[in-house]
Structures are given as structure tokens and as C-alpha cells.
Amino acid sequence: MTSRDREKNVPEGSTAARQPLTGDVDAVVVGAGFGGLYMLHRLRELGLSVRGFEAADGVGGTWWWNRYPGARCDLPSLYYAYTWSEDLSREWRWSERYAAQPEILAYADHVADRFDLRGLIAFGARVLAAIFDEATALWTLETDRGDRVRARWCVMATGCLSAPRAPQFPGEETFRGPRLHTGLWPHEAVDFAGLRVGVIGTGSSGIQAIPRIAEQARRVTVFQRTPNFSLPAHNGPLGDAEIADYWARRPKYLKMLKAGLPGVAAHAEGAPVPPVEEQRRVYEEMWAIGGPVLVASFPNLLTDEAVNAAASDFVREKIAQVVEDPRIAARLLPHDHPIGTKRICVDTDYYQTFNRPNVELADIRAAPIEAITPDGLRTTEREYALDAIVYATGFDAVSGALLAMDIRGAGGVTLREAWADGPRAYLGLAVAGFPNLFVLAGPGSPSVLSNMMVSLEEHVDWVTGCIADMRAGGYTRIAAEPSAQAAWVAHVKDLADRSLFPRANSWYVGANIPGKPRVFTAYIGGGYRQTCEAVAAGGYEGFALA
Ligand code: NAP
């Protein structure tokens, strides 16, 4: 890095940096969640001048925004963590098996400080536009605080679940109490004591938040349209023995990651269907372990209808055993999708919460919400008096955050135009027509169906290698070929079609957003990492270099 480059990396805390940023850098990274932080680290290490833009006032991405009570990871924390620095892994100690949001955010803060990344990031700077210039092969990024920065390389680390969405019911603005979205939760503590709270939505966010809100509130009404499958976390303090076990397994785990994960589709091929008694024995075992492992009990659980049906039945039975009132239990049983084809939820006392006298379940499939009123909410059946409403209504997933920006590639084509029929990217990394732009955990990569930390690391490493190769080879432009992208998108779809995933109206296919094209957005094949590495090793097959 030259001294001029260093000057460009003005710490954001300095007065100079609070002025809108202008000028040129080698690379910009949009988003300072776990993908963005590691990307900034790697690019700086490569000797590039880099600038990060982050809409929030701090690092952490999803963990900065999702501060609702009960928010915690749904993969074991020892695995929901970076692997790229052994020192970091050794010095950070998780207090619980499934860490809560404040601890995960503290981890992101620790990473930012330990690797001195904050100075590279402009906080409170939402990127509004990213425009590619054909003549120079440079991107110009503009933010809502007036920054205007040009860069050769543009990395979108904007997250898959970062564009919160709430349905607009008639009368929203008339409600007298607070309306809160789980994905945009206030920083100051919200006191529900003595309040009648309505929670709309029973996905992962609602299922985590409802038990915690019910502990405080006078009354909680859960407005459920579609019941979901949720598995108990069996969370608890993380003991020394579990940590020692992790370290004993770690070399094998890292080797497995390097070897490329098998993927749902490839893994399932030719797998035998175990006898039903064997299936139930394994489900009992997995239920006792807790967390999402139950849906990975058998390789063909997400491809074979019969295997899945047995798992779905098993979990429905467990739910019915927990919920004391059989009528409420019946309403909580999911029947509209095979288990695991919507993101499996992981909870602490979700179903038990419906045994509390201060919790009621409103079936808004049978009696939909008609309007929000000044004093609550009205369904087609009755009025509910509420003091606060919590929207746990999810996100415009995968493409939402990207399409919120005005992204224009070669020939001025907008990303919105390019994705008119749904999000698509070559290898889930690069979009044809958008040279020098990379999307971390983009559509068509394992992303949301993998351990996101692992997937982000893989993408960051690949992008770093790619930029290093471009620079070494004297290239200033790399763009995915439309034909390679089309073939990859077809491959992703073909694999998905061989699974049970398309059966669910999930956000994986954009079904939660009215009018969104139905495209399955995750890669479920095996050896994804190898595929990407082979593309790079083969001189970036499927990409045009200039
Ligand atoms: P979600 O899974 O999309 O759930 C949204 C909920 O809101 C659904 O129950 C949905 O009902 C309901 N809803 C949406 N629009 C509605 C409307 N107009 N009327 C009534 N109900 C409506 O969203 P989420 O719970 O925020 O979770 C999204 C994803 O974020 C998860 O799948 C997970 O990947 C991630 N997440 C992870 C964690 C974690 O790791 N711990 C925690 C939270 C979230 P329908 O099903 O009928 O549409």
C-alpha cells in the first residue's frame, strides 16, 4: 500500500472523514457484517486501498439490527464463528451454546477492533447508487450522506436477510402505541411490562421473540398465518468439555470445509431409506441434542417424501405433547410444507409459551387481519385491544438489499432490469453485465442453506484470490459470461427441483413477497467450494477478462 493509499483510508472517527468522502480507492465493500468485515481485512492485506460503507452506526450487520428479545443464533456458536484466524478462535469464548444477539454483536465489535477495521468503514452511510463506467471500468458509489467514491472493485456484502418488510394493513398510522419490526428493533430497551402485545408472524424471529415477550407482557396475542416447525435449542452455558470437544474436532472440521461440503442434493443420491423404527430412534436422539440437526438426520430427508413425512410426523407429535390444550396444539401443527423446506426454527420454550395463561393464539389464516385500529387490530372475526404491535414479518430476502440500491452495470442496465425474472448470478458470486462486482452469499450460492459464516469466508477468500489474479495478470475487468450464468442458474434449479424445497412457499423462493418472481435462491449441490476453486484455477472459466 502506498502512503497515498493510506491517506485514503482515513479513520472514520476523524473530523476529516465525517465530511462526505470523495476520490478513488481500489475497492469498496458495502456492508460491515461478518462478510464485509472479513472482506475488508483480506483486501487491505492484499495491499489494496479499501473503503467500507455501512448504513448502521456500527459493525455486525444482521446482529446490529435484530435486537429483539430472544434473538440468538440458531447454529451452535462454536460453529457460527469465523475460522480464518486460529488466534481469534482461541481467544474468544462463547458463554452459551447458542449465543444471544448482544454476545454475537460483541464478537463482531471485537473482530473490528482486533483487526483494526473500523477506520476503513464509513458508518451511517447507506449506499444509494453504484454505477459502472464502461470507459474506465470503475464503479462510482454514492451514499445518502453525500459520499461519492470511485473504485475498480465493488463487493456487495449486503446480506441475505437485511431488507425488513412489513405488510401494510389499512389504518397502520392510526395505531396509538409502538409498532416495532424485529429486524429494525430500537436500541433502547423496550419495556412490555403491563402491556397487551400483538405479535404478527411465526417465523424464526417471532418464535424466538414470543416466549421472551410473554415473560414480561400482561398479555400476548400471537397472530399466526402459517404454523412453522420449530426444534428446541436446549440452550445452556457452554462448558469446558464442549469447547475441548470442538478443538479436538476442529482439524477434521476444517479439512471437511476445505474438501467441500456434500450438499443436500448430491448427498441424497442413492442413500437408502432407513426402516421407520430406525428413523424414529435417530429423531429422538436428535431431538435430545437440540438445534437444527434433526433435519440433517438422513441424507434424503429433504429429497425423499416418505423420509420427510416420518420426520414431520415425529415433530408434530412432539409439539402436540408439549401444548396442553389440544385445540391450540392442533392450530400450531404445520401441515403446509415438508419439514426443513422452510428454514427450520430453533426455539427456547416456544410451544411451552402457549400453556401460559397470558398468551393466546389467533389464527389469521382462518380470520385474516382487516385493519390496524387506533386501539389494536381487527380481524374478519373480532377486535383485539393492543398496546404494542410487533411485526415479525420477515425480509425481502437475498435480492431485497441489492435491489434497494440503484445498481447500473455495463450499458447502463440496472440490476432491477437484469433480475426482472428473479435474482441470478454465476456461481452465486457475480452477475452477468455487472463487471468487477461481486456479491457475497449471492443467489445461487449455498448461502442461506449453509452455515453463513463458512459460506461468507469461502466467498471472501475466492474474491480476494480473484482480485489478486486480476491485478497480477494486468486485467482491469472481469465479467460473468451470460451463457455461463444461464448454465449455472439452470443447474441450481435442476438440483432444487430434485428436492422437496420447491414444495414450500418460503422466502427461499421469494414467496413471502407478493409479485416476486419465484426462483429458488440457494445452491444445494455438493463440492461448491471445489467448483469455484476449479473455475479460478482454470483461468476463470465462464468469465470474460479484459
Ligand atoms: P419469516 O420466516 O419470513 O416469517 C415471517 C412471518 O410473518 C411468517 O409467519 C409469515 O406468515 C408472517 N407474515 C408475513 N406477512 C404477513 C401478513 N401479511 N399477514 C400475516 N402474517 C404475515 O421471517 P423471520 O421470522 O424474520 O425469519 C426470516 C429468516 O431470518 C429466518 O428464516 C432465518 O433464516 C433468519 N433468522 C435467523 C435467526 C437465527 O439465526 N436465530 C433468527 C431470526 C431470523 P406466512 O408464513 O403465512 O407467510
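Start by selecting β7 and strand β16, residues 388–391: the two pair in the parallel sense over three bridges. The model on screen is a predicted one. Within this pair, find H181, which stands opposite Y391 in β16.

**The sheet**

Now widen the selection to the rest of the sheet. Five strands make up this open sheet, in the order β7-β16-β8-β9-β12, and their pairing is parallel. At its edges are β7 (179–181) and β12 (359–363), each of which pairs on one side only. Going from one strand to the next, the twist averages 20°. As background, the strands of a sheet pair through backbone hydrogen bonds, either parallel or antiparallel.

**The ligand**

Next, select the ligand and the residues around it. There are 26 such residues, and R72, T202, S205, R225 and T226 come nearest. Show the side chain of S205: one of its N or O atoms is 2.6 Å from an oxygen atom of the ligand. Then show D74, where an N or O atom of the side chain is 3.1 Å from a ligand oxygen atom. Add K342, which has a polar side-chain atom 3.3 Å from an oxygen atom of the ligand.

**The nonpolar cores**

Hide the ligand and turn to the largest nonpolar core. This core has 133 residues, of which Y82, Y107, W462 and F543 touch the most other members. Select helix α16 (residues 452–473) as well, since its nine residues are the largest share of this core from any one element.

Centre the view on W462. Which residues does W462 touch, not counting those up to four places away in sequence? They are L429, F438, C532, E533, V535, A536, Y540 and F543. Another core, of 28 residues, lies apart from the largest one; V28, V127, L437 and V439 are among its members. In general, nonpolar side chains tend to be buried together in soluble globular proteins.

**A serine in a loop**

For the last stop, select S297, in the loop between α10 (276–289) and α11 (305–322). Is S297 buried or exposed? S297 counts as buried because its relative accessible area is 14%, and buried means under 20%. Show its side chain together with the backbone of L294: a polar atom of the S297 side chain lies 2.6 Å from the backbone oxygen of L294. Finally, add V282, Y283 and M286, with which S297 is in contact when its neighbours within four places in sequence are left aside.

Notes. Residues numbered from 1 in each chain as written. Predicted model: local features only at pLDDT ≥ 70, side-chain atom pairs only at ≥ 80, totals over all residues. Heavy atoms only, no water. Pairing = 2+ DSSP bridges. Helix = DSSP H or I, 4+ residues; strand = E, 2+ residues; numbered from the N terminus. Axes fitted to C-alpha atoms, helices over the stretch in contact; angles between N-to-C directions. Core = buried A, V, L, I, M, F, W, Y, C linked by side-chain atoms within 4.5 Å. Buried < 20%, exposed > 50% of the residue type's maximum accessible area, 1.4 Å probe, protein only. Contact = heavy atoms within 4.5 Å. Polar contact = N/O pair within 3.5 Å; in protein donor to acceptor, adjacent residues only side chain to side chain. Near = heavy atom within 4 Å.
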